[in-house]
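Colleague: I'm new to this structure and would love a close look at its pockets, along with whatever surrounds them. Could you walk me through that part at an easy pace?

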Amino acid sequence: MTEPRGVSRQTFLRGAIGALAAGAVFGSSRASADPSGWGDLAAAIKGQVILPDSGGQFSSAKSVFNTNFNGLTPAAVVTPSSAVDVQKAMEFAAAHNLKVAPRGGGHSYVGASTANGTMVLDLRQLPGDIDYDAATGHVTVTPATGLYAIHQTLAGAGRGIPTGTCPTVGAAGHALGGGLGAQSRHAGLMSDQLVSATVVLPGGTGVTASATENPDLYWALRGGGGGNFGVTTAL
Ligand SMILES: Cc1cc2nc3c(=O)[nH]c(=O)nc-3n(C[C@H](O)[C@H](O)[C@H](O)COP(=O)(O)OP(=O)(O)OC[C@H]3O[C@@H](n4cnc5c(N)ncnc54)[C@H](O)[C@@H]3O)c2cc1C
């Protein structure tokens with residue numbers, strides 16, 4: 001989902017961020033000078049837009065599991081609180097030629113859910129319980145839901161799902177990239193169990209991907225790697 005035009009975008013963002021007069025963390029107030037438009041995004045979503053000059057909050061917001069990547073400086077960390085927020089953020093990214101780094105559980109070994117100059121979309125604030133439907137045998141989760149929490153819910157119903165072993169790895173990064181674990185010889189990868197996903201495409205359009213809706217996207221999501229085909233808001 002990234003575009004190979006990072007240099008001009010970074011130059012633009014550095015200039016724009018430097019020009020911000022106030023309000024590094026948006027949410028309830030607008031910056032008085034905001035040529036980059038971050039204030040517009042902040043006003044449009046219910047989640048937060050956290051900018052580099054917000055100090056400790058930005059340091060915390062940009063942190064990932066592999067601390068080797070915590071020195072990187074995204075242009076902003078955006079924390080959507082709904083799928084609609086994600087759509088607005090993706091529209092904003094397209095309009096401003098921003099690269100986007102979606103973040104589920106933040107456990108990428110290679111720091112793929114952060115990068116210099118990107119808009120990190122940290123999906124940990126998306127609301128939603130782990131929803132197990134005994135009638136269909138399907139479980140629905142938000143992207144940052146930890147693997148342990150899924151197992152805990154399913155175990156209560158006498159069910160299970162193949163996953164890796166780290167309890168705090170996020171469902172999205174894990175399933176979209178495959179998801180290999182102790183049950184895989186018996187039950188395959190986590191991605192093999194994906195029935196459908198809701199996805200916000202680059203540009204902001206929300207779609208469902210399943211065997212019957214957008215089947216090509218559904219195929220790509222099952223192991224094609226997180227962050228390549230849109231932002232998944234539920235699986
Ligand atoms: C301690 C540890 C143990 C592990 N054990 C295993 C194991 O046993 N088996 C195994 O298969 N793997 C294992 N992994 C690897 C892990 O499954 C991957 O790193 C996985 O991608 C992490 O997912 P995440 O959502 O937590 O990470 P993130 O860093 O949030 O995301 C990983 C990638 O997916 C993208 N992404 C995240 N959320 C979304 C979304 N909602 N929409 C679109 N793209 C998204 C990100 O941009 C990034 O490219 C382990 C990792 C760690 C750190």
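Modeller: Happy to. One definition will help us along the way: the expected span of a helix is 1.5 Å times one less than its number of residues. Please also keep in mind that this is a predicted model.

Let's begin with the largest pocket, whose volume is about 890 Å³. Where does this pocket lie? Domain 1 (6-125) and domain 2 (131-234) both contribute residues to its lining, so the largest pocket sits between them. Its lining is made up of 38 residues. If you want to find the centre, look for His 107, Ser 108, Ala 112, Gly 173 and His 174, which are the lining residues nearest to it.

Several elements share in this lining. Strand S4 (100-103), helix H6 (171-177) and strand S10 (231-234) each provide at least two residues to the largest pocket. Of these contributions, that of H6 is the most, at five residues. Sorted by class, the lining of the largest pocket has 16 nonpolar residues, 21 polar ones and one charged one.

Now to the second largest pocket, with a volume of about 510 Å³. It is lined by 27 residues, and His 138, Val 139, Ile 161, Gln 193 and Val 195 are the closest to its centre. Two or more lining residues come from each of strand S6 (131-133), strand S7 (138-140), helix H5 (147-156), H6 and strand S8 (196-200). You have met H6 already, as the element that gives the most to the lining of the largest pocket. The classes in the lining of the second largest pocket are 16 nonpolar, eight polar and three charged residues.

Helix H5 deserves a moment, as one of the elements that line this second pocket. Which residues of H5 are buried? They are Leu 147, Ile 150 and Leu 154. Looking down the axis of H5, these buried residues fall within an arc of 60°, so they line one face of the helix. A general rule helps here: an α-helix has 3.6 residues a turn, so residues three or four places apart point the same way. On the face of H5 turned away from the buried side you will find Ala 155 and Gly 156, both exposed.

Besides the pockets, there is one cavity of 30 Å³ or more in the structure. The largest cavity has a volume of about 40 Å³. Its lining consists of Leu 176, Leu 221, Gly 225, Gly 226, Gly 227, Asn 228, Phe 229, Gly 230 and Thr 232. By class, that lining holds three nonpolar residues, six polar ones and no charged ones.

Let's return to the surroundings of S4, one of the strands that line the largest pocket. The loop between H4 and S4 holds Asn 97. Phi of Asn 97 is near 55°, which is a positive value in a residue other than glycine. With a relative accessible area of 21%, Asn 97 is partly exposed, because buried means under 20%.

Helix H4 (residues 83-95) is where our opening definition comes in. For its 13 residues, 1.5 Å a residue gives an expected span of 18 Å, and the end C-alpha atoms are 18 Å apart, which agrees. The buried residues of H4 are Asp 85, Val 86, Ala 89, Met 90, Phe 92 and Ala 93. Viewed down the axis of H4, they fall within an arc of 155°, so they too line one face of their helix. Ala 94 and Ala 95, on the other side of H4, are exposed.

Beyond S4, the loop between S4 and strand S5 (119-122) contains Asn 116. Asn 116 is partly exposed, at a relative accessible area of 38%. Asn 116 and Ala 75 are 41 residues apart along the chain, yet their C-alpha atoms are separated by 6.9 Å.

One last stop is Asn 214, in the loop between strand S9 (206-210) and helix H8 (215-221). Phi of Asn 214 is near 50°, again a positive value in a residue other than glycine. Asn 214 counts as partly exposed, at 36% relative accessibility.

How values were computed: Residues are numbered from 1 along each chain as its sequence is written. This is a predicted model: local features need pLDDT of at least 70, side-chain atom pairs count only at pLDDT 80 or more; totals for chains, interfaces and linings use all residues. Side-chain values use heavy atoms; hydrogens and water are left out. On a 1 Å grid over the protein atoms alone, a cavity is a set of points where a 1.4 Å probe fits but cannot get out, and a pocket is an open set with protein on both sides within 12 Å along at least five of seven lines; lining residues have an atom within 4 Å of a point. Grid points are joined across faces, edges and corners, and a volume is the space filled by probe spheres set on the points. Helices (H or I, at least four residues) and strands (E, at least two) are DSSP runs, numbered from the N terminus. Ala, Val, Leu, Ile, Met, Phe, Trp, Tyr, Cys and Pro count as nonpolar, Asp, Glu, Lys and Arg as charged, and the others, Gly among them, as polar. Domain bounds come from an automatic or database domain assignment. Buried means under 20% relative accessible area, exposed over 50%, partly exposed in between (1.4 Å probe, protein chains only). The arc is that of the directions from the helix axis to the C-beta atoms.
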